[in-house]
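Please read the following account alongside the sequence and the coordinates. It proceeds from the division of the chains to their details, and then to the confidence of the prediction.

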Amino acid sequence: MSTFTIIAIVLLIGAIGATLGFRRGSALRAEGGRKPHSRPVYHASYVFTWGVIPALLVLSVWLIASPILNELNVRGDFPEGAVAEANLTDDLAYGIVESIGSGLRALPESERETVTAETPIAEAVPLFRQYGVPVASASADWMIPLAIERNAFQDISRWAMTLVVIALAAIGTFHGYRGIRTRLRARNKVESVVNSMLVIASSIAILTTVGIVISLVSESADFFARVDPWTFFFGTVWEPRFAAAGSGGAEGQFGLIPLLAGTLYIGFVAMLVAVPIGLFAAIYMAEYASNRVRSVAKPLLEVLAGIPTIVYGFFALVTVGPFFRDLSAQISGLLTGDYSAFIQAQSVLTAGFVMGIMLIPFVSSLSDDIITSVPGSLRDGSLGLGATRSETIKKVVLPAALPGIVSALLLTASRAIGETMIVVLAAGVAANLTINPFEAMTTITVKIVQQLTGDLEFTSPQTLVAFALGITLFVITLCLNVYALYIVRKYKEQYE
Amino acid sequence: MTDTTATGAEGRTHSSTNRRDIGIKKRYAAERRFKAYGIFAIVLGVTFLCILLWSVVSKGYTAFFQTEIQVPITFSEEILGTPQDAAENETKLLMANYPQLARDGLIRLLGIDPEDRQAVTAANGLISQGVRTELRDIVMSDLSAIGTTQEVWLYASSQLDSALKGQYDLNVPENRRPISDLQLRYIEELEAKGAIAQNFNWGLFTSGASSRAETAGVGVAIIGSAYMMLIVLALALPIGVAASIYLEEFAPKNRFTDLIEVNINNLAAVPSIVFGILGLAVFINWFGLPRSAALVGGLVLTLMTLPTIIIATRAALRAVPPSIRWAALGLGASRTQTVFQHVLPLAAPGILTGTIIGLAQALGETAPLLLIGMVAFVADYPDTPLDPATALPVQIYMWANEAERAFQERTSGAIMILLGFLALMNLTAIFLRRRFERRW
């Protein structure tokens, strides 16, 4: 029975239980005498909870545990030395056994008998392929009995799971139903279950962070076991040659410096564009604009934030990049008579400029909030002493808002560093180390995308380096965010 | 009387000449300059927005039209076999040489000698190679078509399409453009016959990925995106609302809740690509879920959208005045009843608005999807969320990397579709806010 069917049956049992519970609750009420503690709807929920939750908990534990037990069991049965003989690791060998197992399942009923434990692998593999299941060439005869054993284990486990889960649902429902009586505090019990669900839901945020950290750390630890951290963090050459599986000697050079430099340089150009425009727009909207202008200009600027980054990337690729290139050709033509472009279509300037446009609304709306939260009394005092509005802004409002603005800029910078699609399309893939903004540079995010698309092997440093890059990116942005949030918190307290 | 005015005037001139020059003019000029910078900044921002939108729309609107050629097709039994054969042996019908049918029809229409190879090749270059499926569908749906001659609108090749849309400069020498002089003459002939037209491009909305621009569409990608949005909605909304209710209404102020709070704010600012790495490592590598599946994409986007929804929901819950809670508690409701029966319904419009905005964000997200293998050539509609699928922004990314002129047009067209969906969602959110927002 498929997992979905099992869940549906459990829910059905729960629903039947809930209906019965509701009836019984109503009956208690109609009987007269002492009034029941809870309303019938809580009796219904009480029965439903007893029926469904233990059953589903067992189901999920079973689903996770069963494949692990199965794998341990099969691995224990690997013939002595056979794995090493076939030049495989235990993981790879188990992977092949798994695919043979799914090949066996793909066979139609009529042909299933043709493959037995004694069938040589050379006969079985073409048969599997015929039904669309490819099996690696490193497969060996001893794997077929193991695959049959694995499938048998799977079948038994599934049957047992179906029986246990449905029985549990029935027993739970029965228990809940039996428990209904006048004095049962059904509402409190249901509410405590609801409350614990709320707690679980809010822990998902923590689980996500834990998941990010664990996945990044474990895979990067794997990477640093193969590549010296020193050469990664301080290497100036990025040249990860793509190595074929098993050719352990072909190690590339993984130098973070050119990527980090590109990331920071492009982010810097973006901030050069976004900060002045965003800040002045925010000041104008907060201090000068009438309500009507504000109600038009603010949403218009915020549209820029709602446009997906892939659109900016395409804009940079087909519009801005060629524009800069042609512009530079015209300029150099006018100056030297030689019409060759000195700005490449994919360059730090293009990527930074377009990213800057994307960041304008971040700077403007964050700073707008901060500037408007500066108390009016400060402004009134300054204006009353005869300062003009711009003097008030420059000498009173902005200094008062400075910590908040700094944190807004830090948040924006963290976004610039983590931005992916614009740089993937507009910055280029060559890992240059240059200070010329008209040339292409590449970023950490571009390389993560490049190393993790296409065929992956979780054993080669070429794939694993992406996790090391990821953890670098995560740590940088985390520091910026935490520091920015810390400043915002402190700043809020100051004026509240 | 005259005296006083005289002295008054005199006094004024006197004082103005004596007044210390405090640079009022300069200060006012600085004031005006400062204000002008602000206006300039806003105008600049809005200009960028307009250029961006204009560059997409001006490149993309033509993608909604597709050049088609009306060709009389003879479904000859020579090529397809008799209807009896066809009914018995479907593979023969599937493998039949449909492009030849189209070519024969076109050279008959243009009156080309079938022996003139150069002319035949030139004429053949006008129709898309995608006619195979187009004609096959006609025959397969109605076997009685075999042996008849029908007028059929066929897709034109992308070169002809781009030429007619004015995307090629036709004045350059023949060897430097993808359309030859001979082909231009044929196009004129077809135009004179009224057998060539720009029809609305339904294929853009219904087809899947294709290596030929004229048969490529975003239909499959839209379905992939729709699956993911459903998953995000089904998971992120309940979890997000539950988490917000706990944090806002029940949570005691302690280390644990503080940690959750900092966490959520942080997650909202984590680069999206990191969520992609998480999805790859946890969902695909550890849990063994299939690559390129909409399910994995949906899970990753759920984790990404959760902080947005939680932050919006908490703001909505906070906006419900405490008096509502006191009244409910005062009448004997439990805390859970108060929250679920009184506070939550009042906060619903705010929650809905936040959810829609979160969904819009998720719809436009590309980077994490690249890492979980959704950059795949998917030509068939995914039946379940576990089948290989792609998403609208990922399809845009893949097309953006194609060099052909016709793909650039389609990329812009797909961007217009994506922006259309986003605008629709955001307008719905604004409408909901305007319609249901209550101020206490």
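In this predicted model, the domain assignment of chain B gives two parts, domain 1 at residues 65–200 and domain 2 at residues 219–436. Taken over C-alpha atoms, the centres of domain 1 of chain B and domain 2 of chain B are 45 Å apart. Chain A is likewise divided, into domain 1 (3–184) and domain 2 (253–495). For domain 1 of chain A and domain 2 of chain A, the separation of the C-alpha centres is 50 Å.

Domain 1 of chain B, residues 65–200, is a convenient place to begin. An open sheet of three strands is found in chain B, with the order β2-β1-β3 and antiparallel pairing. Its edge strands are β2 (149–155) and β3 (196–200) of chain B, each of which pairs on one side only. On average, and with direction ignored, neighbouring strands of this sheet are turned by 40 degrees against each other. In general, the strands of a sheet pair through backbone hydrogen bonds, in either a parallel or an antiparallel manner.

The pairings can be followed residue by residue. How many bridges join β1(B) to β2(B)? There are seven bridges between β1(B) and β2(B), and the two strands run antiparallel. In this pairing, Gln70(B) stands opposite Trp153(B) of β2(B). Strand β1 of chain B, which covers residues 65–74, is also joined to β3(B), by five bridges and again in an antiparallel sense. Here Gln66(B) has Asn199(B) of β3(B) as its bridge partner, while Glu68(B) stands opposite Ala197(B) in β3(B). A helix accompanies the strands: α8 of chain B, residues 131–141, lies across β1 and β2 of chain B and runs at about 145 degrees to β2(B).

The annotation of chain B comes next. An unreviewed UniProt entry places the feature "domain: ABC transmembrane type-1" at residues 222–428 of chain B. In the model, this span of chain B is 78% helix and 0% strand, with its end C-alpha atoms 19 Å apart. The unreviewed UniProt entry also places the feature "transmembrane region" at residues 36–57, 226–247, 267–287, 293–317, 343–364 and 413–432 of chain B. Two of these spans may serve as examples. Residues 293–317 of chain B are 96% helix and 0% strand, and the end C-alpha atoms of the span lie 35 Å apart. Residues 343–364 of chain B are 100% helix and 0% strand, with end C-alpha atoms 32 Å apart.

The two chains also meet each other. Their contact takes 65 residues from chain B and 66 residues from chain A. Which element supplies the largest share of the side of chain B that touches chain A? Helix α2 of chain B, residues 24–60, does so, with 18 residues. By class, this side of chain B comprises 47 nonpolar, 15 polar and three charged residues.

Finally, the confidence of the prediction should be considered. For the complex, the predictor gives an ipTM of 0.86 and a pTM of 0.86. Chain A has an average pLDDT of 86, and 96% of its residues score at least 70. Among the elements of chain A, the lowest mean pLDDT, 73, belongs to helix α3 (residues 82–85) of chain A, and the highest, 94, to helix α9 (residues 257–288) of chain A. Residues 243–250 of chain A have a pLDDT below 50, and this stretch has five contacts in the model beyond near neighbours in sequence.

Chain B has a mean pLDDT of 85, with 95% of its residues reaching 70 or more. Confidence in chain B is lowest in helix α1 (residues 2–18) of chain B, at a mean of 49, and highest in helix α16 (residues 322–330) of chain B, at 94. Over residues 1–13 of chain B the pLDDT stays under 50, and the model has zero contacts for this stretch beyond four places in sequence.

Terms used
Residues numbered from 1 in each chain as written. Chains lettered and ligands numbered in written order. Predicted model: local features only at pLDDT ≥ 70, side-chain atom pairs only at ≥ 80, totals over all residues. Pairing = 2+ DSSP bridges. Helix = DSSP H or I, 4+ residues; strand = E, 2+ residues; numbered from the N terminus. Axes fitted to C-alpha atoms, helices over the stretch in contact; angles between N-to-C directions. Contact = placed C-beta atoms within 7 Å. Nonpolar A, V, L, I, M, F, W, Y, C, P; charged D, E, K, R; others polar. pLDDT = per-residue confidence, 0-100. UniProt positions renumbered as here; feature names shortened; annotations may be inferred. Domains from an automatic or database assignment.
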